[in-house]
4 protein chains.
Amino acid sequence: MIRLECDYAEGAHPRVLRRLTDTNFDQTVGYGEDTFCDKARAQVRALCGGGEDLSVHFLVGGTQVNTTVIAAALRPHQGVIAAHTGHINVHETGAIESTGHKVLPIPSEDGKLTAEAILALWRAHWTDATHEHMVQPAMVYLSQPTENGTLYSLEELDAIWQVCQSKGLTLYIDGARLGYGLMSKACDMTLPDLAIRCDAFTIGGTKQGLLFGEALVIRNRALNRDFRYLIKQRGGLLAKGRLLGVQFSAILEEELYFTLSRQADEFAMKIRRAFEAKGCPMLYDSYTNQQYPILPDKLLHELEREFAFAFWCKTDETHTAVRICTSWATTQRAVDTLLRRLKQFA
Amino acid sequence: MIRLECDYAEGAHPRVLRRLTDTNFDQTVGYGEDTFCDKARAQVRALCGGGEDLSVHFLVGGTQVNTTVIAAALRPHQGVIAAHTGHINVHETGAIESTGHKVLPIPSEDGKLTAEAILALWRAHWTDATHEHMVQPAMVYLSQPTENGTLYSLEELDAIWQVCQSKGLTLYIDGARLGYGLMSKACDMTLPDLAIRCDAFTIGGTKQGLLFGEALVIRNRALNRDFRYLIKQRGGLLAKGRLLGVQFSAILEEELYFTLSRQADEFAMKIRRAFEAKGCPMLYDSYTNQQYPILPDKLLHELEREFAFAFWCKTDETHTAVRICTSWATTQRAVDTLLRRLKQFA
Amino acid sequence: MIRLECDYAEGAHPRVLRRLTDTNFDQTVGYGEDTFCDKARAQVRALCGGGEDLSVHFLVGGTQVNTTVIAAALRPHQGVIAAHTGHINVHETGAIESTGHKVLPIPSEDGKLTAEAILALWRAHWTDATHEHMVQPAMVYLSQPTENGTLYSLEELDAIWQVCQSKGLTLYIDGARLGYGLMSKACDMTLPDLAIRCDAFTIGGTKQGLLFGEALVIRNRALNRDFRYLIKQRGGLLAKGRLLGVQFSAILEEELYFTLSRQADEFAMKIRRAFEAKGCPMLYDSYTNQQYPILPDKLLHELEREFAFAFWCKTDETHTAVRICTSWATTQRAVDTLLRRLKQFA
Amino acid sequence: MIRLECDYAEGAHPRVLRRLTDTNFDQTVGYGEDTFCDKARAQVRALCGGGEDLSVHFLVGGTQVNTTVIAAALRPHQGVIAAHTGHINVHETGAIESTGHKVLPIPSEDGKLTAEAILALWRAHWTDATHEHMVQPAMVYLSQPTENGTLYSLEELDAIWQVCQSKGLTLYIDGARLGYGLMSKACDMTLPDLAIRCDAFTIGGTKQGLLFGEALVIRNRALNRDFRYLIKQRGGLLAKGRLLGVQFSAILEEELYFTLSRQADEFAMKIRRAFEAKGCPMLYDSYTNQQYPILPDKLLHELEREFAFAFWCKTDETHTAVRICTSWATTQRAVDTLLRRLKQFA
């Protein structure tokens, strides 16, 4: 069985594992205050084009980091705007609500928010005579790329950032798959471009070649205040914090992070084109490592003998949309096999 | 200015005030364990057609009682289903989320939920392979009448109650305006009918002739366990709890509660018919004390010199929907004046 | 039975009830934005010696206002310092914790905090190498008078306020019985004295002649930001907010609030002296409306046939400390009867 | 510098790292539903002497697992009893409170709770007339060994378990250092002994040879219900859950976990005896991997040039108690060096 249903089916890139092994018996202080973490923080800052103005924290997982950032940013009566398909709205078992905050969903076809829709929600709140009876919008959450594989353009992000700044909304970008986003042929922004257009964002590790780990970058000084207390409270202050520093340091060296991402994107586009050649349309117009072909059920059943995809939705009685993910671990052989099978089947 | 924008613009029915005055210097124990509360509890039980199986608690306000019941019923990973227009979803400043729980909204045109929609949401949750990553639906919240003045029929409530029982969902009915609902000509259920078709419900006082107060009736024994601790924790255990007992006792005597409700409904229907005669359609098909006529803006501006309505929404460039409320305090004279003005204006 | 076990056994002062009756059919807007509340706010400000710099909110009950202020002031990782006997630490069913915050208790014999103890706790936190693993002290809660009837002197309060200001701790004073405190012969501070030595405080109504209600005065602008959202979220935004304005307005007129308090304190001191004359020592050295005599059990049983006291604790096998409260409603006759009985019994 | 200040200064036991490397490219499903986790669960059950009645979950860290179990077990008005020195009371930045629950501390000299003290607290709650105004004790948290290195005997645990069962208190044992506890010469219980005397407990991995990870064993069926939702909500459902299965499986094979623990305990006892021979008393009477010698400051300063200890407290003006930890990673050489230096210094 060749697993293509997600981008976290394997362990870590060999360089990452090797580095963990090489440093295994170095003794360090705990909780992320070691020299490995310091070095990784410097690497992250350099890649972001920033200096000491950027605070960098390493956490274990995505739900953890999203919850911690959002709880840190909001006062009790405030909520966070997200696409209704956003990860925090549908796939974190109410983790945001568990910290007392409402997610304010905006309907979205492609998983993206727009500056206009954010502004409209903000205005609707403040022009309502009963606004004190409603959750106050105070933050915007978006993913780059989105859960649907779609991408914000620099212009779109810029417009959102303008709205956020003018209306006092904290902008947080979930970059669980940031590498696959930035390396996409369709992406017109760099990491430094993104870094100056939000209050905080993450550089995902779990889906990008590490065993686990998300790097959180905070530009907003007020948001960063006492942030380590908040990480600890949410259970995210890893005792052996060095593990995160060692891993990020390894994957960011010589831009391995980006090389792996680019390769995964290229594999994904090959797969997309093969499905399109086969007459299968795409559910979302993705140019990143997640692809959503709509298959005749007959074809799907044949492929499923050999490949694992993620079921997404039925599009009609005889067709199904699936998610196919490539990743840093996807092999040329796996892609070739899939392409070959696609050609073979009627 | 004649205020018709809400049903809480005055104090309390004179009998209620008189009773508070008559009992003012009687000394009682605090926190609702006094004989006035005991008497009121017995009256509530009798009107509901129940006995000791019904637990009755008195709380000060609606948001308080909704929050307390919902927090008492749910485990941390569970959420409560509501119409997207439901009070808990839009008008309680995230009080439910502040207790850690997500409101799971179902789109609704008329403010009502249906058994089918609830079942569909429940099924969608349990058939999703990633259901552990989603908030588990465990409770249903509805209002009788709804925030839009619409009513559930006995058949509709019955169907919802069947779904809730078969799927293990706690059913809670917000009866902030229950009297106006039950006394409506369009209502085909009695209080005892409702009382056996849910786990808990409220009999509103604040909008029904009391200074303040909601009576909470709980049939579900497990939900009632330690309930007074929960009231205290949420700030709802009134020191002079007797004030709630005295007031409910007074308004429930000789069915004053229902007489006042019926009268308010009749006034509301007169107002509705007058607007319809004037050619103004209704935004919602309400037969209770809240009416939502759509007026030409010109007419609205003329009326607003003398009457206060609640702005609801613009329906087009030249028309506006407003909410008009009658209540236990609405006078024949106020209604007549409105009807007269409607006839006068072009 | 003459009830002296608490100061909330009756309804409201007749003037308060009369005012509610007189204004009963005046129509007002809801949620505390009416002219009655405006007037009461102006009265509170004037009595406090302040102007528009003082924000005044009216809430229904004590647990509610404590929870709302504390949740408004703290970030998620922060806690509030209190005497271990403080109301928020022992008698609010974990309401503070239910908003996510730890109460940081300081042991106290007389119910009071000291500037030294607060400073020591603050220092212990910040000099601990693992302080990020501990709740950060960020607020101080105290009651004037305390739950034990004891009083802070102006000098003591001043010292605490100095520590709070120099260390960035928000100081909040729970004045549920503030009148009884300020009118005590042993009290050396005025309301304006207190008002400039904290970030926020309450002027209690429930135990001071109203049906219910606490006035919250906030001097700290940052704390007051969006405060009405927070009141709504915690279930404290009374629909008929005017009821609070009408009541406070009535009781504050012609300083009735203070006249009633002074009388209750005098009654309490008479009772104290009578017990002392009888050879009963006091558990706490209180000069306010709460007295804690230690009685031989035999005497207690005799008195309990006619009087209700609150059990406090056993002090040894044959003696019991009780709480005796006077209030705005205590009659000369009740006090005289108690004094007479005390003389009669062996 | 030889670090002995904690038991998480290194990575993982070589066998664990090797196993991660060997399985690195095996593709698995995510979130702990893979075959590696299944195997590790079976190993845990076997070591505990249990079968399918024991549910086993793997989480990343200690604060995370404590928070998740406690939030899962309690209703909103309930709290958890702990020694005042308990980890959840002092070293988790209020994580328990952040889920809405109060920690009910019991003063303890040696870090241990007693059945008598738990029973007394329970009785004090239920005999208090105002118990509904207080947090209801519903759970007991203890650590084996404690944060002070002390151990519960089988008889002591048995007595606590009896109280918990008879009073309806959930008993949860934090076993972050369980191996070091069970392998101590002073420990008279086995893992199966412990497993049947509580509702849930953890087998720590982070401090016991893994990179990270705690195994949670739940015997109480009700507590286990929907438990994976709760793990997800608290941010503890690791995407690559297999990493936990692989690691636990490796360390539990051939009882490596216990062999490593026994060795660390023996090293610790050697160090203890060396300090005692030197005339340094112990702050706590520990027979596990944590030792707390009280040193003359002069000796401490000399040792600190070469060794890192954890500062614990000043015991008088010229003496300091420190914590010295051995672990699975402590070398014979490090111990010998310390012993030699101790002999050398005056």
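**Exercise 1. Find what the side chain of C:K102 pairs with across the chains, and describe its surroundings.**

Start with the pair itself: the side chains of C:K102 and D:E97 make a polar contact of 2.6 Å. A polar contact here is a pair of N or O atoms within 3.5 Å; within protein, one must be able to donate a hydrogen and the other to accept it, and residues adjacent in sequence count only if both atoms are side-chain atoms.

A quick word on the ground rules. This is a predicted model, where local features need pLDDT of at least 70 and side-chain atom pairs count only at pLDDT 80 or more, while totals for chains, interfaces and linings use all residues. Residues are numbered from 1 along each chain as its sequence is written, chains are lettered from A and ligands numbered from 1 in the order in which they are written, and side-chain values use heavy atoms, with hydrogens and water left out.

Next, place the residue: C:K102 sits in the loop between α5 (95–98) and β4 (103–106) of chain C. Helices (H or I, at least four residues) and strands (E, at least two) are DSSP runs, numbered from the N terminus.

Then check burial: C:K102 has a relative accessible area of 10%, so C:K102 is buried. The cut-offs are under 20% relative accessible area for buried, over 50% for exposed and partly exposed in between (1.4 Å probe, protein chains only).

Last, list the neighbours. Not counting residues up to four places away in sequence, C:K102 touches C:Q78, C:G79, C:V80, C:V135, D:N89, D:E97 and D:V103, with contact meaning heavy atoms within 4.5 Å.

**Exercise 2. Decide whether D:K112 is buried or exposed, and say what touches D:K112.**

Locate D:K112 in the loop between β4 (103–106) and α6 (115–127) of chain D. Its relative accessibility is 14%, so D:K112 counts as buried. Leaving aside neighbours within four places in sequence, the contacts of D:K112 are D:T146, D:T150, D:L151, D:Y152 and D:E156. For a sense of distance, D:A250 is 138 residues away along the chain, and the two C-alpha atoms are separated by 32 Å.

**Exercise 3. Work out how α12(D) and α13(D) pack, and which residues do the job.**

Take the geometry: the axes of helix α12 (residues 242–252) and helix α13 (residues 256–277) of chain D come within 5 Å and cross at roughly 65°. Axes are lines fitted to C-alpha atoms, for helices over the stretch in contact, and angles run from 0 to 180 degrees between N-to-C directions.

Classify it: α12(D) and α13(D) are therefore roughly perpendicular to each other. The scheme calls angles under 35 degrees roughly parallel, over 145 roughly antiparallel, 65 to 115 roughly perpendicular and the rest oblique.

Now name the residues: D:A250, D:I251 and D:L252 of α12(D) meet D:L256, D:Y257 and D:L260 of α13(D). By class, that contact has six nonpolar, no polar and no charged residues.

**Exercise 4. Walk along α2(C) from start to end.**

At the start, a side-chain oxygen of C:D34 comes to within 2.9 Å of the backbone nitrogen of C:F36.

Along the helix, the buried residues of α2(C) are C:F36, C:C37, C:A40, C:R41, C:Q43, C:V44, C:R45 and C:C48. Their cover includes β2 (55–59), α9 (191–195), β7 (200–204), β8 (214–218) and α12 (242–252) of chain C.

Just past the end of α2(C), C:G49 has a positive phi of about 75°.

Notes: Nonpolar A, V, L, I, M, F, W, Y, C, P; charged D, E, K, R; others polar.
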